[in-house]
Amino acid sequence: MSNQRFASVWDAIEDTPEEAENMKLRSALMTALKNHLARAEVTQAQAAKLLGVTQPRVSDLMRGKINLFGLDALVNMAAAAGLHVEMRVLEVA
């Protein structure tokens with residue numbers, strides 16, 4: 001068994017650094033959306049109307065089915081929910 005350490009679970013399970021970065025961003029957006037909807041105490045049907053998607057799509061979001069969501073879709077949903085998305089790009093040492 002390897003004692004290799006990773007900065008993120010995505011770094012450990014994804015095949016490339018590029019895929020890991022994409023998953024980190026998608027995960028952060030999904031978590032923010034889920035938390036926002038939970039605080040708003042809306043039903044999945046209400047959330048679907050707010051986000052401009054179907055109720056099954058909201059169900060996928062709430063269940064954390066990250067493989068079903070691309071960055072574009074998540075950014076669009078966050079904006080529709082009234083969230084402001086920012087991004088930082090840092091050089092790796």
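Here are a few worked exercises on this predicted model.

**Exercise 1. Get your bearings: work out what the fold is made of and how much of it is buried.**

Start with the secondary structure: the protein has 5 helices and 0 strands. Reading from the N terminus, that gives α-α-α-α-α. Next, get a feel for the dimensions: the C-alpha trace spans about 45 × 30 × 20 Å along its principal axes. Then look at burial, where 25% of the 93 residues count as buried. On the outside, the protein exposes about 6900 Å², and carbon and sulfur atoms supply 53% of that. Finally, check how the chain folds back on itself: among contacts with a separation of 6 or more, 56% are between residues 24 or more positions apart.

**Exercise 2. Find the stretch that UniProt annotates and describe its secondary structure.**

First, the record: an unreviewed UniProt entry lists residues 32-90 as "domain: HTH cro/C1-type". Now look at that stretch in the model. Residues 32-90 are 59% helix and 0% strand. The C-alpha atoms at the two ends of the stretch sit 21 Å apart.

**Exercise 3. Say which elements build the largest nonpolar core, and which residues have the most contacts inside it.**

Begin with the general idea: nonpolar side chains tend to be buried together in soluble globular proteins. Here the largest nonpolar core has 18 residues, and those with the most contacts inside it are Met30, Leu33, Leu51, Leu61, Phe69, Leu74 and Met77. Helices H2, H3, H4 and H5 each give two or more residues to this core. H2 makes the largest contribution, with 6 residues.

Now zoom in on Met30. Skipping neighbours within four places in sequence, Met30 touches Asp60, Leu61, Gly64, Lys65, Ile66, Phe69 and Leu74.

**Exercise 4. Look at helix H4 and list what it buries and what covers it.**

H4 runs over residues 55-62, and its buried residues are Val58, Ser59, Asp60 and Leu61. The cover over them includes H2 (17-40), H3 (44-51) and H5. Step just past the end of H4 and you meet Gly64, which takes a positive phi of about 75°.

**Exercise 5. Track down the 2 salt bridges and compare the exposure of the partners.**

A reminder before you start: side chains of opposite charge can pair when their charged atoms come close.

*Step 1.* Glu21 and Lys24 pair up, with N to O at 3.0 Å. Both residues lie in helix H2, 3 residues apart, or about one turn. The spacing makes sense because an α-helix has 3.6 residues a turn, so residues three or four places apart point the same way. Glu21 is partly exposed at 43% relative accessibility, and Lys24 is partly exposed too, at 26%.

*Step 2.* Asp60 bridges to Lys65, with the closest N and O atoms 4.0 Å apart. Asp60 counts as buried because its relative accessibility is 18%, which falls under the 20% cut-off. Lys65 is partly exposed at 35%.

*Step 3.* Check who else is around Asp60, which is found in H4. Beyond its neighbours within four places in sequence, Asp60 is in contact with Met30, Lys65, Leu68 and Phe69.

**Exercise 6. Find a nonpolar patch on the surface and place one of its members in the chain.**

Leu25, Met87 and Val89 form such a patch, and together they have about 340 Å² of accessible area. Pick Met87: this residue lies in the segment after helix H5 (71-80). Its relative accessible area is 63%, so Met87 counts as exposed.

Note on methods: Residues are numbered from 1 along each chain as its sequence is written. This is a predicted model: local features need pLDDT of at least 70, side-chain atom pairs count only at pLDDT 80 or more; totals for chains, interfaces and linings use all residues. Side-chain values use heavy atoms; hydrogens and water are left out. Patches are made of residues with over 30% relative accessible area and no salt bridge: like charges are joined within 9 Å, nonpolar side chains (Val, Leu, Ile, Met, Phe, Trp, Tyr) within 5 Å. Accessible areas come from the Shrake-Rupley method with a 1.4 Å probe; for residues, only the protein chains shown count as cover. A salt bridge is a side-chain nitrogen of Lys or Arg within 4 Å of a carboxyl oxygen of Asp or Glu. Helices (H or I, at least four residues) and strands (E, at least two) are DSSP runs, numbered from the N terminus. Buried means under 20% relative accessible area, exposed over 50%, partly exposed in between (1.4 Å probe, protein chains only). UniProt positions are given in the numbering used here, feature names are shortened, and annotations may be inferred rather than shown by experiment. Contact means heavy atoms within 4.5 Å. A nonpolar core is a set of buried Ala, Val, Leu, Ile, Met, Phe, Trp, Tyr and Cys residues joined through side-chain atoms within 4.5 Å.
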